[in-house]
Amino acid sequence: MGKFTLRYRPYTLELRHVFTVASFSRSTTPVVLTELEYDGIIGYGEASMPPYLGETQESVINFLSKLDLSAFSSPFETAEILSYVDQVDSKNTAAKAALDIALHDLLGKIMQQPFYKIWGLNPDLIPATSYTIGIDTEDMIRKKVEEAEQFKILKVKLGLDTDKMIIDTIRSVTDVPLCADVNQGWKNKEEALEMANWLHERNVVFLEQPMPKEMIDENAWLTEHSPIPTIADEGCQRLADVTALQGVYTGINIKLMKCTGMREAKQMAELARALDMKVMLGCMTETSCAISAAAQLAPLVDWADLDGALLIGNDIYEGMYVENGLCRLPDRPGIGIIKA
């Protein structure tokens, strides 16, 4: 019988540009990198901590130090292992994702297959990934858009009083489709609808988290009247959230760091489909480890936003890559990464 060994260490991602959204700015992102070893085979994982999830490197390391996998005899006890991990604490979703990703990478390496093949998914169905343009000055926005020339869709951060300036500046450079991430920045449903109509006329294809997640009736009203789909991000974290969001939003944004990893993310995508909801697959600023893990699911979704590793300057892995705006999955086992 084999034995699990879990290792972890903190790492700080350096962003290529200062990243500004409606509620904060930052130039680094803290992560914790994990390794799960079994019978000499190592699976890699990662926890990334955006400010709003409330996790830190210290809290992730504290959570991982509590895990005792000695009761499990095989990585193929996947459901039991992840159920145990989930019940150790009610929160710590990024820490749980770090273990989940490492376990899936380990399983794929044991089976010697990429995980998208194990799931029977066709990588040719992955939609073009968006590239994120944060809130910035006109000159910096033009520079970022020019850097993103290969992308077929751009994601734009909105939610401040500069929204129309940002869109007009981007439209002075490119006419590619846009998606708008408001990060709960709008507070009035009538003004949100007015902006939705204005954005629709400028080829913005959907709105992500237009108003605070607590404004359920207002978000539902906007979804009913908006000419473009609305997507829940901060308002949708885990599988248990999905059903109640039918009718409030057109769809959901699934992120591994919110939902504890690949296993629950796939369940969320399948449930949203069953409820006739749209599915977006997002990310945090992450290395190619967590990005490549999410990309295994990307054939299941309507929109992919998997640019997190492209926004950093010190990625330590090679994995999923972007070619002419399209996600390409390497034909390597597990989540398909190697150390750079």
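## Close-up views of a predicted model

**Figure 1. Strands S5 and S6 side by side.** Leu154 has Leu178 as its bridge partner in S6. The structure shown here, as in every view that follows, is a predicted model. Strand S5 covers residues 154-157 and strand S6 covers residues 178-181; the two run parallel and are joined by four bridges. Follow the side chains along S5 and you will find Leu154 and Val156 pointing one way, with Lys155 and Lys157 pointing the other way. This is a good place to recall that side chains in a regular strand alternate between the two faces of the sheet. Which of these four S5 residues are buried? All of them are, the two lysines Lys155 and Lys157 included.

**Figure 2. From S5 to S4, and out to the whole sheet.** On the S4 side, the residue opposite Leu154 of S5 is Tyr131. Three bridges hold S4 and S5 together in the parallel sense. Both strands belong to an open sheet of eight strands, with parallel pairing and the order S4-S5-S6-S7-S8-S9-S10-S11. Where does this sheet end on each side? Its edge strands are S4, residues 131-133, and S11, residues 303-304, each of which pairs on one side only.

**Figure 3. The enclosed cavity.** Rolling a probe the size of a water molecule over the atoms reveals where empty space is left. How many cavities of 30 Å³ or more does a search of the whole structure find? The search finds one, and the volume of this largest cavity is about 120 Å³. S1 (4-20), S4 and helix H5 (138-147) are the elements that each give two or more residues to its lining. Strand S1 gives the most, with five residues. Around the cavity you can pick out Leu15, Arg16, His17, Val18, Phe19, Tyr131, Thr132, Gly134, Lys144, Glu147, Thr285 and Leu311. By class, this lining holds five nonpolar, four polar and three charged residues. Tyr131 will be familiar from the previous view, where it stands opposite Leu154.

**Figure 4. The second largest pocket.** This pocket holds about 200 Å³ of space. Its lining includes the run Tyr52, Leu53, Gly54 and Glu55, together with Ser59. Ser90, Lys91, Asn92 and Thr93 also line the pocket, as do Gln237, Arg238 and Lys258. Which classes make up this lining? There are two nonpolar, six polar and four charged residues.

**Figure 5. Two asparagines with positive phi.** Asn92, one of the residues lining the second largest pocket, sits in the loop between helix H2 (78-88) and helix H3 (93-111). Its phi is near 55 degrees, a positive value in a residue other than glycine. Asn183 is not a glycine either, and has a positive phi of about 50 degrees. The loop that holds Asn183 lies between S6 and helix H7 (189-200). Are these two loop residues buried or exposed? Asn92 has a relative accessible area of 14%, so it counts as buried, being under the 20% cut-off. Asn183 is buried too, because its relative accessible area is 13%.

**Figure 6. Phe4 and its neighbours in strand S1.** Phe4 lies in strand S1 and counts as buried because its relative accessibility is 10%. What does Phe4 touch, leaving out residues up to four places away in sequence? Its contacts are Leu36, Glu37, Tyr38, Leu69, Phe72, Ser74, Pro75, Ile81 and Leu106. One of these, Leu69, is 65 residues from Phe4 in sequence, yet the C-alpha atoms of the pair are 6.5 Å apart.

**Figure 7. Gly2, ahead of S1.** Gly2 is found in the segment before S1, and its 12% relative accessibility is why it counts as buried. Beyond residues up to four places away in sequence, Gly2 touches Tyr38, Asp39 and Ser73. Tyr38 is also among the contacts of Phe4. Phe63 lies 61 residues along the chain from Gly2, with 23 Å between their C-alpha atoms.

**Figure 8. Stepping back to the protein chain.** The views above come from a chain with twelve helices and 15 strands. Its C-alpha atoms fill a box of roughly 60 × 40 × 40 Å along the principal axes. The radius of gyration is 19 Å, which agrees with a compact globule, because 340 residues would then give a value near 20 Å. Buried residues account for 58% of the 340. Among contacts between residues at least 6 apart in sequence, 67% join residues at least 24 apart.

Notes: Residues are numbered from 1 along each chain as its sequence is written. This is a predicted model: local features need pLDDT of at least 70, side-chain atom pairs count only at pLDDT 80 or more; totals for chains, interfaces and linings use all residues. Side-chain values use heavy atoms; hydrogens and water are left out. On a 1 Å grid over the protein atoms alone, a cavity is a set of points where a 1.4 Å probe fits but cannot get out, and a pocket is an open set with protein on both sides within 12 Å along at least five of seven lines; lining residues have an atom within 4 Å of a point. Grid points are joined across faces, edges and corners, and a volume is the space filled by probe spheres set on the points. Ala, Val, Leu, Ile, Met, Phe, Trp, Tyr, Cys and Pro count as nonpolar, Asp, Glu, Lys and Arg as charged, and the others, Gly among them, as polar. Two strands pair if DSSP finds at least two bridges between them. The radius of gyration is taken over C-alpha atoms; the globule rule is 2.2 Å times the number of residues to the power 0.38. Buried means under 20% relative accessible area, exposed over 50%, partly exposed in between (1.4 Å probe, protein chains only). Contact means heavy atoms within 4.5 Å.
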